[in-house]
Structure formats: structure tokens, C-alpha cells
Amino acid sequence: AESLSGTQKQLIVIREIVVKNTEDIEMIRMDLHIIKDDLKEKISREEFKIVEKRIDLLEKRFQKA
């Protein structure tokens, strides 16, 4: 009987751990979703390089004028 009681206590502790881990995982998933959305709004390095080159060309044209 004592062995069964100890096993039940362990099971309760394990259930609490699982609940906490499940909550943590859900928070991580929500954070990842926010991060993904933020990244979608940013430009890639290649796009940035293209914009830099265009700005350089425009600056050179205005310096000549």
C-alpha cells in the first residue's frame, strides 16, 4: 500500500511537470510566431545591398549636379 501511495505521489508530480512544460511550450510557440512575423517585415541582405547600390548611384548623380 505504501508503494502504491508513493507511486501516486510521483504521478501527481509528473503531471504537474507536464502541465508546466505544456504551458512553457505554448509560450515559446507564441514567441516564435511573433518573431516570424517580425522577420517577414524586414528585407533580406540581398535586397539591402541593392538599395545601397541605388542610393550610391543617386548620391553620385546629385553630387555631379
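Mentor: Let's fix one word before we look at this predicted model: a residue is buried when its relative accessible area is under 20%, and exposed when that area is over 50%. Anything in between is partly exposed.

Trainee: Okay, what makes you say that α2 is hardly covered?

Mentor: The count. Helix α2 has 20 residues, and 0 of these 20 are buried. Since buried needs an area under 20%, not one residue of α2 falls below that cut-off.

Trainee: And what share of the whole protein counts as buried?

Mentor: 0% of its 65 residues. The exposed surface comes to about 6,800 Å², with carbon and sulfur atoms supplying 60% of that.

Trainee: How many helices and strands are there in the protein?

Mentor: There are 2 helices and 0 strands. Helix α1 covers residues 2-40, and α2 covers residues 45-64.

Trainee: How do you know how the reach of α2 compares with the expected one?

Mentor: Expected reach is 1.5 Å times one less than the number of residues, which for α2 gives 28 Å. From first C-alpha to last, the helix reaches 29 Å, close to that value.

Trainee: What tells you how the protein compares with a compact globule?

Mentor: Look at the radius of gyration. A compact globule of 65 residues would be near 11 Å, but this protein has 28 Å. The box around its C-alpha atoms, taken along the principal axes, is roughly 95 × 15 × 15 Å.

Trainee: How far apart in space are threonine 22 and lysine 60?

Mentor: Their C-alpha atoms are 57 Å apart, with the two positions 38 residues apart in sequence. Arginine 61 and glutamate 23 give 57 Å as well, again at 38 residues apart. For serine 5 and aspartate 38, the figures are 50 Å and 33 residues.

Trainee: Why is arginine 61 called exposed?

Mentor: Its relative accessibility is 60%, and exposed means over 50%. Arginine 61, a residue of α2, therefore counts as exposed.

Trainee: Then why is threonine 22 called partly exposed?

Mentor: Threonine 22, which lies in α1, has 49%. That is not over 50% and not under 20%, so the label is partly exposed. Serine 5 also belongs to α1, and its 32% makes it partly exposed too.

Trainee: On to charges: how many salt bridges does a search of the whole structure find?

Mentor: It finds 3. The general idea is simple: side chains of opposite charge can pair when their charged atoms come close.

Trainee: Why is the contact of lysine 20 with aspartate 24 called a salt bridge?

Mentor: The cut-off is a side-chain nitrogen of Lys or Arg within 4 Å of a carboxyl oxygen of Asp or Glu. For lysine 20 and aspartate 24 the closest N and O atoms are 2.8 Å apart, so the pair passes.

Trainee: What separates lysine 20 and aspartate 24 along the helix?

Mentor: About one helical turn, because they sit 4 residues apart in α1. Lysine 20 is partly exposed at 45%, and aspartate 24 is partly exposed at 31%.

Trainee: What makes arginine 29 and glutamate 26 a salt bridge?

Mentor: Their closest N and O atoms are 3.7 Å apart, and the limit is 4 Å, so they qualify. Both residues lie in α1, 3 residues apart, about one turn. At 54%, arginine 29 is exposed, while glutamate 26 is partly exposed at 38%.

Trainee: And how do you know that glutamate 46 forms a salt bridge with lysine 49?

Mentor: Here the closest N and O atoms are 3.7 Å apart, so the pair is within 4 Å and counts. These two sit 3 residues apart in α2, which means about one helical turn. Glutamate 46 is exposed at 51%; lysine 49, at 43%, is partly exposed.

Trainee: Last one: how far apart are the mean positions of the positive and negative charges?

Mentor: They are 9 Å apart, with 14 charges of each sign.

Conventions
Residues numbered from 1 in each chain as written. Predicted model: local features only at pLDDT ≥ 70, side-chain atom pairs only at ≥ 80, totals over all residues. Heavy atoms only, no water. Buried < 20%, exposed > 50% of the residue type's maximum accessible area, 1.4 Å probe, protein only. Rg over C-alpha atoms; globule rule 2.2 N^0.38 Å. Areas by Shrake-Rupley, 256 points an atom, 1.4 Å probe, with all protein chains shown as cover. Lys, Arg positive; Asp, Glu negative; His and termini not counted. Charge placed at Lys NZ, Arg CZ, Asp CG, Glu CD.
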